[in-house]
Amino acid sequence: MFPTPIEKRSRAAQITYQSLVPLALIMWLLPLIAVALFSIRPGVDFSNGNYWGVPSSFELFTNYGKVFFESDMPRYLWNSVLITVPTVIGAVALSCMTGFALGIYRFRGNLLIFFMFIAGNFVPFQILMVPVRDLTVDAGLYDTKLGLVLFHVAFQTGFCTLFMRNFIRALPYELIEAARVEGVKEWRIFWYIVLPLMKPAIAALSVLIFTFIWNDYFWAVVLTQGPDAQPVTAGITSFNSQFVAQYHLMSAGSIVAALPPVLMFFLMQRHFIAGLTLGAVK
Amino acid sequence: MTIATDPETQGWFQRNRMIITPLLFLLPGVAFFAVYVISPIFQSFYISTFEWNGLGSLSEQGEFVGMQNYSELMADRNFEVSLWNNVKWLALYLLAIPGGLFIALFLNQTIRGIRVYKSLFFFPFVISQVVVGLVFSWFYLPNVGLLNVVLGWFGTEVNILGNPDLATYGIIAAGLWPQTAYCMILYLTGLNAVDPEQIEAARLDGARGRHMLWHVILPQLRPATFIAFVVTIIGALRSFDLISVMTNGGPFGSTRVLSFYMFEKALSEYGFRMGYGSAIAVILFLIMLIFIGYFLWSMWRDERDARR
């Protein structure tokens, strides 16, 4: 292991390290801790200039209650769910198929199509913006969740295909050959042999895409407006203009908006990191 | 490949199944991708030769102006500022890679609770950039923000986002926070897979500390470094959310980057110049294409070596 395990160092070094790690963590998360502290203060503290002193009262429930009951926040959150979940399902389903086709079969253009997906996935959003917006407006899908979902599914298919194809490529190929010798039909190979083996990849990818889409801001601004369809990342800006300079509410709102992917991460940590670091080791 | 029965007696589909099956499986994904990603790229090139306000159809309302948008760009002072800021983003964002490596080395131990520490160090990456931007703009607030409270103890103060010379660096610092976390997790995974025997052998040869890192560890971390490089470059050129939330391009347009300037030109209150915006997007795309070309080339090399 590198660096040298701390257990092999002196007792003093061990104690130093053990106290250094939490200290470093607090430094690292300081901006976030500050926001969390803001969100439990009463509003009067800010008008009295008491930003960092002892809170004059503890208002966690009042502040978060206001976010949930006196603003459009719940609508934006629900919109985010309705955009994110179908996108995850769509992109994962499409890429299971493309990944299977590109990972298992050898045909001319295989690598070309694969590289097209990878290249498209790296493209800057702005080069797509005007035509995609146009397409969405023409289809009557501007300012609808469906319009956003369709685009996200299409774009994420690029990354998901890269992921799935490489995952399928690493599966034992003999399994598929054996099935073919037995005369198993191709689509049954996909459904009964490959798909069950892809479960870990599907889990990892779902968590990742959930986070990516939940956190999307650019496309939300380009393709939607107003609380009917906008997800929470875009909604937070109108939330903030509703509560200008009321830091206790703005910070509570931000924390609520950020929370779902954070929960997803902590609950599905293993899958999340497996997905994110695929390819980081050979 | 084995075909059990005589090809003559099989149907056309059965004979060609090794071509037809992958095509059918690819069709929905490729169709979606072609409509929403591939063809818009070419459309943007086309639109960039028009003066068009986005209303009505391009062929009726748009006016063909050839390369005029591009020649206008060359003289556009704001474009120059944006381009320079993109260079700053690219250069400084790469600090996330050594930063992530440093934290990964720091945390690659096995004390009690280290797994929790690792995930807490990582979790800025999971938060949306919009919230990161808000968090940092409050952190930077003059007088009352935590940064200035701490600086106040030393008798100084700085209004980062209000100063045209500093604002971009302030935003990049905010962007480095989640990006460093991302690089850290890549390196932690990479360090996990480093061959312990090689380390032991190098230790016996007297390698330690920096030498060990440079000659033994880093070469084994190359795949992690490559991915960290790819995601950091892409992240730097995609920067939009943070700028939009933290300064909205200001003060005095000093924090614009190409992606933001394009949006401003094409969609915000500054006008609906779709053609001009597309021309900016094309330039950004061409810059990105250099990197995409390099990434694809490296991947293609690996692919060729791994051909079975």
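How many residues of chain B are in contact with chain A? I looked this up first and found 85 residues of chain B in contact with 80 residues of chain A; contact is taken as C-beta atoms, placed from the backbone, within 7 Å.

Ground rules. I am working with a predicted model, in which local features need pLDDT of at least 70, side-chain atom pairs count only at pLDDT 80 or more, and totals for chains, interfaces and linings use all residues. Residues are numbered from 1 along each chain as its sequence is written, while chains are lettered from A and ligands numbered from 1 in the order in which they are written.

Interface. On the side of chain B that touches chain A, I found that helix H2 (residues 17-47) of chain B gives the largest share, 21 residues. Helices here are DSSP runs of H or I with at least four residues, strands are runs of E with at least two, and both are numbered from the N terminus. I sorted that side of chain B into 65 nonpolar, 16 polar and 4 charged residues. Ala, Val, Leu, Ile, Met, Phe, Trp, Tyr, Cys and Pro count as nonpolar, Asp, Glu, Lys and Arg as charged, and the others, Gly among them, as polar.

Chain B overall. I counted 16 helices and 2 strands. The C-alpha trace spans about 90 × 75 × 30 Å along its principal axes. I noted a split into domain 1 (1-38) and domain 2 (78-305), with bounds from an automatic or database domain assignment. The centres of these two domains of chain B, taken over C-alpha atoms, are 42 Å apart.

Core. The largest nonpolar core has 165 residues, of which Met184(B), Tyr187(B), Ile280(B) and Leu284(B) touch the most other members. Such a core is a set of buried Ala, Val, Leu, Ile, Met, Phe, Trp, Tyr and Cys residues joined through C-beta atoms within 7 Å. Helix H10 (residues 167-192) of chain B supplies the largest share of this core, 15 residues. Leaving aside neighbours within four places in sequence, I found Ile280(B) in contact with residues including Leu73(B), Phe79(B) and Leu258(B).

Asp302(B). I located Asp302(B) in helix H16 (residues 274-305) of chain B. Why is Asp302(B) partly exposed? Asp302(B) is classed that way because 13 other C-beta atoms lie within 10 Å; buried needs 20 or more, exposed 12 or fewer, and partly exposed lies in between. From Asp302(B) to Leu221(B) I read 16 Å, C-alpha to C-alpha, with their positions 81 residues apart in sequence taken as the separation.

Conventions. Contact = placed C-beta atoms within 7 Å.
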